[in-house]
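Student: I would like to learn how to read the surface and the aromatic pairs of a model. Where should we begin?

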Amino acid sequence: MNNMNLIPVYPEIFLLIATSAILLIDMFLPESKRVITYLLSLAALVVCAVLTFADLNSGATVYTFNNMFVSDPLANLLKLFTYLGVGVTLIYSRQYNTARGITGGMLGGEYYALALFALLGQMVMISGNSFLSIYLGLELMSLSLYALVALRRDHAASTEAGMKYFILGALASGFLLYGMSMLYGATGGALELNEVFRAIVSGTVDRTPLVFGIVFVVAGLAFKLGAVPFHMWVPDVYQGSPTPVTLLLGAAPKLATFAITFRLLVEGMLPLAVDWQQMLMVLAVLSIILGNVTAIAQTNIKRMLAYSTISHMGFMLLGMMSGVVDGNLFSAVNAYSSSLFYAVTYVITTLGSFGVIILLSRSGFEADTLDDFKGLNQRSPWFAAVMMIMMFSLAGIPPLVGFYAKLSVLQAAMATGQIWLPVLAVIFSLIGAFYYIRVVKVMYFDEPADNSKIVATPEMRVVLSLNGIAALAIGLWPGHLMDACTNAIVTTLATFLSKVVA
């Protein structure tokens, strides 16, 4: 412990202490004072962001805890967006939770504590440089999310969703752990990703158990991403969960799952890219096809966005599988940075989409069907415009951020020489545009089914407005975010490879 550098782990240490303190403080707060828990949770996120931003500015890569934990530009960038995702979710969900209170089974303080513990797990996943630390972070995040999904234990749909998520999530974790154990055995007991890389490059490792290990690892990652054919939990869990919990599931965790996908497949098993790229290609194609086609038949908007998520994870995997082409690391950097950019921008648009759904929900009423969006333009032109921006962005319509994200991934796929891949992705994106445009049609051309006043806290109105503006602004000027993603990938890969060679 005397030789251990704890500075890179300050954000995690602080969040653990802060979350434990918030949980204890909340035990003594009456329902009327629960705003204190909310404010303390946001304050904890701000402090974590300041600590992480200081590391990001330094640009240094630091390994600690016997190389089990790494602080590098990729980790710091993803953590900042993860804080943003969780913070915006807490702001959006405050009114929803307050309106339901204990009678709705949300038990306010538990929601904030579990959300922060899930965030802590995501941070450990993002900085994991060992099979052990990655799996530890994954389980911390997953167990917190299982509890959140089933938090409204007096609602049958929520309880059913929690049970499905728990069982299938445990199965996915088992797949991932079994794959890691096979890689551990095949590489002579290597746990650190750089040691795994060295063992594979040495050429002394039996290839058969390695390939089997990759199959199980990719299957476990596909479960966590919700990619076809491991997607069966996504629609039911999205629909059955309370809407703020659905947002906690659908936003920030995608960044953490991208991180472990990059760590395990690229940093740990880049020499075996030929094997896992083919698997990712199958997952990407099936996800894009099934996600877009099935979403058309949905009338529940949360279920529709669940299938939309499946198709978008297909696009992200399309970027990941377009990495190394004939040993060209330049194409790899372009592909991985495009995939990272896609993940970040997807989180931004998901936050805005579910933010409007939460905005329209009120005590005793869930705005989770397409009919609930009828005539929204007549009730609130501004928030109808925000939802329209989100839908058009998810559909990939210029000049919104979703268009540039899809374009960058398609360009990376084109570089592989398999022209049919981007062509297929474009065709099914056009098919998928139907269900996004249908939401816009309902908002602008149908008569409102409900003329009640839209009530929202001032901070929710401000943040939701900024969310919509961000989706438009980043689409018009994507260069800064794309440069940040590219620099993070370049620096992280260069540092990792130099450490492996050394």
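Tutor: Helices are DSSP runs of H or I with at least four residues, and strands are runs of E with at least two, numbered from the N terminus. This is a predicted model, in which local features need pLDDT of at least 70 and side-chain atom pairs count only at pLDDT 80 or more, while totals for chains, interfaces and linings use all residues. Residues are numbered from 1 along each chain as its sequence is written, and side-chain values use heavy atoms, with hydrogens and water left out.

Student: Which helix gives the largest share of the nonpolar patch?

Tutor: Helix α18 (residues 420-445) does, with three residues. The patch consists of Val 293, Met 414, Ile 419, Val 423, Ile 427 and Ile 431, and Ile 419 sits in the loop between α17 (401-414) and α18.

Student: Which aromatic pairs should I look at?

Tutor: Rings of Phe, Tyr and Trp (its six-membered ring) pair if their centres lie within 6.5 Å, and planes under 30 degrees apart count as stacked, over 60 as edge-to-face and the rest as tilted. The count by this rule is 16 aromatic pairs. One of them, Phe 258 with Phe 262, is stacked, at 6.4 Å centre to centre and 20° between the planes. Both residues lie in helix α11 (residues 252-268), four residues apart, about one turn of the helix.

Student: Are Tyr 435 and Tyr 436 buried or exposed?

Tutor: Both are buried, where buried means under 20% relative accessible area, exposed over 50% and partly exposed in between, with a 1.4 Å probe and protein chains only.

How values were computed: Patch = residues over 30% accessible without salt bridge, like charges linked within 9 Å, V, L, I, M, F, W, Y side chains within 5 Å. Areas by Shrake-Rupley, 256 points an atom, 1.4 Å probe, with all protein chains shown as cover. Salt bridge = Lys/Arg side-chain N within 4 Å of Asp/Glu carboxyl O.
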